[in-house]
Amino acid sequence: MKLWWQLAEPWIKQHWRLSLLALFLALSTVFAGVGLLTVSGWFLTGAFLAGSAQAFNLFLPSALVRGMSMWRIASRYAERVCGHMVTLDLQAEIRTGSFARLAAFKPAQLAQYRDGDLLARLINDIERLDTFFLLIITPVFTAVIAGAFFSLLMGTALPMVGWILLLVLCLASGVLPYLLARQTAKAGLDVQAANAELRALAHEAIAAHTDLLVFGMTPMVQEQFDQAGLRLAKAQQRLTQAGSFGTLVQQLLMGALVLALLWLGANAQAQQELSAPVWVGLLLGAMGLFEILSPIMRGAAGLGAVQAAARRIQDITAGTAANTPTETDKALPTAMLPATGTLQLQDICVAYDNKPVLNGLDLYVDHGQRIAIRGLSGTGKTTLLMAIMQIQPLSSGTITYGGVNLSTVSSPVLYRHMALLSQHSPVFMGTIAHNLRLADPEAPDERLWEVLKQVHLAAHVEQIGGLDAWVGEGGNTLSTGQIRRLCLARVLLSKASVWLLDEPTAGLDKATADAWFTNLQQVAKDRTVLIVTHADVPEGVVDASYILTDGRLQFQAQQKAQKNVEKNTEEWV
Ligand SMILES: Nc1ncnc2c1ncn2[C@@H]1O[C@H](COP(=O)(O)OP(=O)(O)OP(=O)(O)O)[C@@H](O)[C@H]1O
């Protein structure tokens with residue numbers, strides 16, 4: 001309940017009127033149903049007795065029966081609409097909120113989760129939360145109010161009967177569901193975990209399909225999938241069995257209650273303490289209350305799963321996502337960055353799990369300088385770019401741009417000034433234009449063609465149908481090199497004054513890579529460019545080269561880069 005409330009509280013507080021209306025309508029439906037049965041029981045018995053003995057007023061009860069049945073239909077309809085509105089809107093709110101938190105995660109935070117598992121949290125777990133409002137809060141609320149009211153009504157006719165009814169309703173709507181919820185907590189947890197495991201496995205198996213096939217690993221994955229499926233089926237079976245047993249006990253309790261009420265009522269009738277029509281009416285009304293109880297048992301059986309789902313969602317929403325400003329952050333003034341400036345890294349250290357990767361690294365890059373950074377695989381080149389982008393936190397040291405400490409700059413401001421081409425930059429499902437305009441939504445078509453020419457992709461894009469040509473999921477209608485060039489074109493479109501390029505020419509043949517490097521001089525204009533690369537950079541492209549070793553940069557070579565070359569040496573089409 002606490003976990004669910006933490007997730008639902010903001011929405012419920014904002015829409016408390018709608019939530020209360022949903023509860024009120026549920027109560028109204030129960031009152032209409034119970035009232036209908038009460039009046040019908042009284043009416044039928046009264047009419048039966050009148051036939052043999054006294055005169056009976058048929059008009060009022062028949063009008064009440066019709067009126068209540070209409071009321072019940074209308075109220076039930078409104079209750080369903082309103083209850084589902086609350087549940088679905090609440091789900092949508094939690095889903096968008098959770099997604100926003102995920103979107104603010106830094107890559108290292110995201111890397112702690114499996115993709116499929118995150119998908120399961122956003123879909124299965126959030127869906128599971130609907131049980132709580134519909135099958136727990138609403139029926140328990142109506143059971144408490146309608147049960148107390150009807151017990152009081154019964155009690156005014158026969159006090160003993162009122163107490164018995166109250167006791168049985170407390171057992172059936174409180175104690176029994178509580179015991180059932182405790183009994184099924186573990187099974188609920190297992191259901192959510194197995195569901196997430198199945199999604200994660202399916203996701204990974206599809207992503208790695210070719211490799212699994214080539215290495216003959218498909219049977220192993222199939223086996224894992226079968227096992228997870230079996231665990232899910234067993235956990236669901238445990239839930240269903242416990243739920244059915246709970247319902248059986250509840251029905252037996254209700255049966256015993258009806259027998260007790262019949263017996264007590266018959267005695268009272270024999271002693272002239274109560275008229276037969278009133279008694280039958282009250283008895284049928286009490287039976288009408290049972291209608292509320294069955295959803296409570298279903299809800300209680302699913303409570304463990306709700307609890308597990310809420311915990312799994314909280315796990316991603318409660319922690320402070322790295323890019324989400326905390327209250328303290330919000331209070332701090334956000335520094336602005338100058339349009340141009342010197343990029344300076346002073347004595348920076350970065351460690352993963354206390355293992356240093358960058359160790360007292362210094363770098364000074366003047367505005368408009370282009371530098372290359374090399375180094376053996378795993379020496380920390382990507383980490384360095386991530387640290388500049390404030391994606392990877394520093395253990396110590398400072399990074400400034402134009403004298404402003406980057407850690408005091410908000411992400412949107414930073415990303416307007418610095419663009420990163422990561423090793424895993426993706427192509428999104430959509431058109432070529434859609435993929436490019438992520439960097440500059442206002443860019444006209446001519447500008448898109450310009451950058452496509454600069455990365456040697458214009459001819460291919462023309463062939464496949466122009467800027468509106470569709471690229472499949474992950475760019476699967478393009479070759480690896482073409483995907484890379486499209487991502488490069490996106491960076492070229494960016495108005496950022498610093499470009500950080502991680503292996504920009506990976507996947508390109510040497511001639512294309514050389515041509516791209518040479519062209520960089522022209523397209524970068526007066527931008528500051530840091531290129532992490534294993535490739536040979538042609539003469540004159542960068543001003544200086546460094547090697548990253550033992551966590552520091554060693555100056556390798558000073559080069560005379562050609563600045564502001566008017567015409568590129570190669571024709572890009
Ligand atoms: N999220 C992480 N958690 C723990 N260790 C990490 C993480 N990311 C990187 N590392 C480790 O930090 C070291 C530097 O990684 P990094 O990716 O920066 O190297 P790199 O020089 O860019 O390598 P490559 O040239 O192969 O791309 C590696 O030993 C890597 O295993």
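Start by selecting helix α13, residues 381-388. In this predicted model, α13 is mostly covered, with 7 of its 8 residues buried. Colour the buried ones to see the pattern: Lys 381, Thr 383, Leu 384, Leu 385, Met 386, Ala 387 and Ile 388. Note that a lysine, Lys 381, is on that buried list. Just past the helix, pick out Gln 390, which follows α13 and has a positive phi, near 65 degrees.

Now keep α13 on screen and add what it lies on. The helix runs across β1, β2 and β4, and makes an angle of about 65 degrees with β2.

**The sheet under α13**

Select the four strands next. In what order do the strands of this open sheet come? The order is β2-β1-β4-β5, with antiparallel pairing. Look at the two ends of that row: β2 (355-365) and β5 (404-405) are the edge strands, and each has a single partner, so one side of each has no neighbour in the sheet.

Move inward to β1 (residues 343-352) and β4 (residues 396-401), an antiparallel pair joined by 5 bridges. Two residue pairs are handy to label here. Cys 349 has Ser 396 in β4 as its bridge partner, and Leu 343 stands opposite Tyr 401, also in β4. If you show side chains while you are here, keep in mind that in a regular strand they alternate between the two faces of the sheet.

From β4, step over to β5. These two strands also run antiparallel, this time with 2 bridges between them. Label Thr 400 and you will find Asn 405 of β5 standing opposite. Then trace the backbone round the hairpin of β4 and β5: 2 residues lie between the strands, and Gly 402 takes a positive phi near 55 degrees.

**Two helices side by side**

Leave the sheet and select α7 (residues 159-207) together with α9 (residues 218-270). Their axes come within 8 Å and cross at roughly 170 degrees. Angles over 145 degrees count as roughly antiparallel, and that makes α7 roughly antiparallel to α9. Colour the residues of this contact by type: 28 are nonpolar, 9 polar and 4 charged.

**A stop at Ala 524**

Next, go to helix α19 (residues 510-524) and centre on Ala 524. Is Ala 524 buried or exposed? It counts as buried, because 20 C-beta neighbours lie inside 10 Å, and 20 is the cut-off for that label. Leaving aside residues up to four places away in sequence, Ala 524 touches Arg 370, Trp 499 and Val 529. For a distance to draw in the viewer, connect the C-alpha atoms of Ala 524 and Gly 507: the two are 17 residues apart in sequence and 21 Å apart in space.

**Zooming out**

Finally, show the whole protein chain. Its secondary structure comes to 19 helices and 12 strands. Turn the chain along its principal axes and the C-alpha atoms fill a box of roughly 120 × 55 × 45 Å. The radius of gyration is 35 Å, where a compact globule of 573 residues would have one near 25 Å. Switch to a burial colouring and you will see that buried residues make up 38% of the 573 residues. A contact map is a good last view: of the contacts with a separation of 6 or more, 79% are between residues 24 or more positions apart.

Terms used
Residues numbered from 1 in each chain as written. Predicted model: local features only at pLDDT ≥ 70, side-chain atom pairs only at ≥ 80, totals over all residues. Rg over C-alpha atoms; globule rule 2.2 N^0.38 Å. Buried ≥ 20, exposed ≤ 12 C-beta atoms within 10 Å, placed from the backbone. Contact = placed C-beta atoms within 7 Å. Axes fitted to C-alpha atoms, helices over the stretch in contact; angles between N-to-C directions. Parallel < 35°, antiparallel > 145°, perpendicular 65-115°, else oblique. Nonpolar A, V, L, I, M, F, W, Y, C, P; charged D, E, K, R; others polar. Pairing = 2+ DSSP bridges.
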